[in-house]
Protein chains: 2
Amino acid sequence: MSLDLSGERIRATYRLTTSEPEALAEAICVEQTVEFPPEFIGRQDILDGIIGQVEHLEASEAVISYPAEAAGAEVPQLLNLLFGNVSLVPGVRLVSVQLPASVRAWLPGPGFGIEGLRRLTGAVGRPLLASALKPMGLSPRELASLARDLARGGLDLIKDDHGLAHQPFCSFEERVKRAAASIREADPTCLYAPHLTGPAHRLLERAELARDAGAGALMVCPGLVGWDVLRLLREEIGLPLLCHPAALGSAVVSRAQGVEHGLLLGTLPRWLGADVTIFPNHGGRFTFTPAECQGIAAACTSPDPSFAPMLPAPAGGMRLERVPDMLDLYGQDVVLLIGGDLHRGGDLVERCRAFRELVG
Amino acid sequence: MSLDLSGERIRATYRLTTSEPEALAEAICVEQTVEFPPEFIGRQDILDGIIGQVEHLEASEAVISYPAEAAGAEVPQLLNLLFGNVSLVPGVRLVSVQLPASVRAWLPGPGFGIEGLRRLTGAVGRPLLASALKPMGLSPRELASLARDLARGGLDLIKDDHGLAHQPFCSFEERVKRAAASIREADPTCLYAPHLTGPAHRLLERAELARDAGAGALMVCPGLVGWDVLRLLREEIGLPLLCHPAALGSAVVSRAQGVEHGLLLGTLPRWLGADVTIFPNHGGRFTFTPAECQGIAAACTSPDPSFAPMLPAPAGGMRLERVPDMLDLYGQDVVLLIGGDLHRGGDLVERCRAFRELVG
């Protein structure tokens, strides 16, 4: 028998930091597919059709193509093909990926996107305003009270802090029910996004619980629960999804290794169904550069016939004073996510209103 | 109300590459817990009990403790607490973790461990011998034929190559059924470990299918499907589990960032229920050093009252000539995993027997 391949190829661009780019590019072709010495492969169709092919190699960038069928129409294997074993190789950074039509067809893309989020929240012609319920240690009742004030203050989106999971001092179920009820009562157009952490066998059940309790969105950290959970929630739950970068940092921060910021925190969440991607803005508590942040924002909103545009949510120590600068960098299609700084000065509702006034 | 905390603490040691280790250690305490300006927290019990505490800071290593309750008895949140947002901070490497009794109690540990694997395979007093079914592109029937030869040759463990998922040219179900049947027929003590890639909503179903088809073990890549899947399979399926490092590389390869090799690829899989951890041996296709490999092996087998010892499986371009050197480094408690090199010379069964003779 011989392989019946469509000829459609996935094209991945890797930046190679090495003195021997040709050899490394050829090694990637083998490592990411057959992982087997080509000289021991007796089948010409495998040699020709399965092993990656260097399509282009210039300076330090190699474009390598793989057969669409190697991804098997499943998210974990698509990631494996693009970045499984080469994640272990220093000096290899995956910078961009072009998908053929057959792969785009099985990736869901944002269920709501920018337009859907604006419709749900009524936030038109301006950035969406968001905050987080925290600090860890507050009870569900206390968090619900905070949530009420944030919603009264005019925010569009209120998410759990990503450290809120299912802890003895704050159970998932009680928190979600109380916070969702408070927010709905204060402002029915304000979306509440509980943080869904697992466990693996109860993710869908918790997502359904949240939806039934009135949560208007969900937040997940693919670095904690796996990327395919994003796709699953997109297909099964019908709520807008926020992607959070916890535990994904190692893949982006070392610039000669890993995956490019825009691809990991923009393109990939967009393919899998996120409507918002949260990431550390430059000049806050983290070290992303303005260019890296712009790369993420561009990946969220670049024109794409298959996937609706989604919203970047630069965060991580943002203050009200940063709003003008964030609008300069990101324009109006952005979620401005401010946490602790809204608690500065005492009156949370008033501070939220001041935040709202900053964006017109 | 006030927090009712046990006082049990999780102790995490971070190596800090910075000119200001005190400030960075204090920042980690806040970042990993409340993620909120402490000066805005009115609750003394949260300030005292929830925020991380620097227990020790010497040279570049900080020991930071967190309340056991912050992990919420769930794997994703434990990882989040230890390494969620700090994964985004260059110069922070998580090097070791000490868990209190209450956390150890909800982590399953290996279901079989070294002793269980030796009992199942009959491999006593010597290393276990393993290989992988590959290359990608072969049909289930062809892979089953390879599997038969590998089992006839005397191997103890045969795994899917990690690039085998559920592809049009090789479906998960057909491959697993055929390979499991071939191996059982050739040698009932040889364990077959199919690679379980997802999708997220079908992982357990596929694991059950594999078990019912006669697979004696399972392999997962936590970097592709999420760490909690390892715990779930351990608790639900009752087969030995192999952990594969695909897509986890970025977390270990940059030595001033991420997670220490032994912790990520040894300790963590062991806590969550793996019986074997596969990793790239030094001197193969990857760049781990002998010391890093030893760190993983030590994490697999160090005495621990809560978790049975598990087997390291150094791999990634190993050849028969490397066996003596691997025995020197790892001793007898090791899985020797050799792939392509068994196909050198033509007669696979004979080559496996030569492999078997090398270990007495």
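**Surroundings of B:I50, the sheets of chain A and the relation between the chains**

In this predicted model, B:I50 is located in the loop that runs between helix 2 (44-49) and strand 2 (53-58) of chain B. The residue has a relative accessibility of 0% and therefore counts as buried, the limit for that class being under 20%. When neighbours within four places in sequence are set aside, B:I50 is in contact with residues of chain B, namely B:L3, B:L5, B:T33, B:V34, B:D45 and B:P67, and also with A:M136, A:G137 and A:F169 of chain A. The C-alpha atom of B:I50 is separated by 9.7 Å from that of B:S65, a residue 15 positions away along the chain.

The contacts of B:I50 with chain A lead to the question of how the chains are arranged. A turn of 180° combined with a shift of 0.0 Å along the axis lays chain B on chain A with an RMSD of 0.0 Å, and this is the relation of a two-fold axis. In chain B, the C-alpha nearest the axis belongs to B:G226, at 2.1 Å from it. Of the interface residues of chain B, 100% are also interface residues in chain A, so the copies meet through the same surface.

Within chain A, four strands make up an open sheet in the order 8-9-11-12, with parallel pairing. Strand 8 (218-220) and strand 12 (311-315) of chain A are the edge strands, each of which pairs on one side only, and neighbouring strands of this sheet are turned against each other by 25° on average, direction ignored. Helix 13 (residues 290-301) of chain A packs on the sheet, where it touches strand 11 and strand 12 of chain A, and the direction of the helix makes about 175° with that of strand 11 of chain A. Strand 9 (residues 241-243) of chain A is joined to strand 11 (residues 276-280) of chain A, parallel to it, by two bridges, and A:C243 has A:T277 in strand 11 of chain A as its bridge partner. Strand 11 of chain A is also joined to strand 12 of chain A, again in the parallel sense, by five bridges, with A:V276 standing opposite A:L311 in strand 12 of chain A.

Strand 12 of chain A, although an edge strand of the sheet, is mostly covered, and five of its five residues are buried. The cover extends to both faces of strand 12 of chain A, since A:L311, A:A313 and A:A315 on one side are buried, as are A:P312 and A:P314 on the other.

A further open sheet of chain A, likewise described by four strands with parallel pairing, has the order 7-6-5-13. Its edge strands are strand 7 (191-193) and strand 13 (335-337) of chain A, each pairing on one side only, and the average turn between neighbouring strands of this sheet is 25°, direction ignored. Three bridges pair strand 6 (residues 157-160) of chain A with strand 7 of chain A in the parallel sense, and the bridge partner of A:K159 in strand 7 of chain A is A:A193. Helix 7 (residues 172-186) of chain A lies across strand 5 (128-133), strand 6 and strand 7 of chain A, and runs at about 165° to strand 7 of chain A.

Contacts that involve aromatic rings were also examined. Over all chains, the structure holds four aromatic pairs. One of them is formed by A:F36 and A:F40, which are edge-to-face, with 6.5 Å from centre to centre and 80° between the planes. A:F36 has a relative accessibility of 4% and so counts as buried, whereas A:F40, with a relative accessible area of 23%, is partly exposed. The rings of B:F279 and B:Y330 have centres 6.2 Å apart and planes at 65°, and the pair is therefore edge-to-face. This pair links distant parts of the chain, with B:F279 in strand 11 (residues 276-280) of chain B and B:Y330 in helix 14 (residues 323-330) of chain B, 51 residues apart. B:F279 is buried, with a relative accessible area of 1%, and B:Y330 is buried with a relative accessible area of 10%.

Charged groups are also placed over rings. In chain A, A:R206 lies over the face of A:F172, at 5.3 Å from the ring centre, and in chain B the charged end of B:R206 sits over the ring of B:F172, 5.3 Å from its centre.

Terms used: Residues are numbered from 1 along each chain as its sequence is written. Chains are lettered from A and ligands numbered from 1 in the order in which they are written. This is a predicted model: local features need pLDDT of at least 70, side-chain atom pairs count only at pLDDT 80 or more; totals for chains, interfaces and linings use all residues. Side-chain values use heavy atoms; hydrogens and water are left out. Rings of Phe, Tyr and Trp (its six-membered ring) pair if their centres lie within 6.5 Å; planes under 30 degrees apart count as stacked, over 60 as edge-to-face and the rest as tilted. Buried means under 20% relative accessible area, exposed over 50%, partly exposed in between (1.4 Å probe, protein chains only). A charge sits over a ring if NZ of Lys or CZ of Arg is within 6 Å of the ring centre and within 35 degrees of the ring normal. Two strands pair if DSSP finds at least two bridges between them. Axes are lines fitted to C-alpha atoms, for helices over the stretch in contact, and angles run from 0 to 180 degrees between N-to-C directions. Contact means heavy atoms within 4.5 Å. Copies are superposed by least squares on the C-alpha atoms of residues with pLDDT of at least 70 in both.
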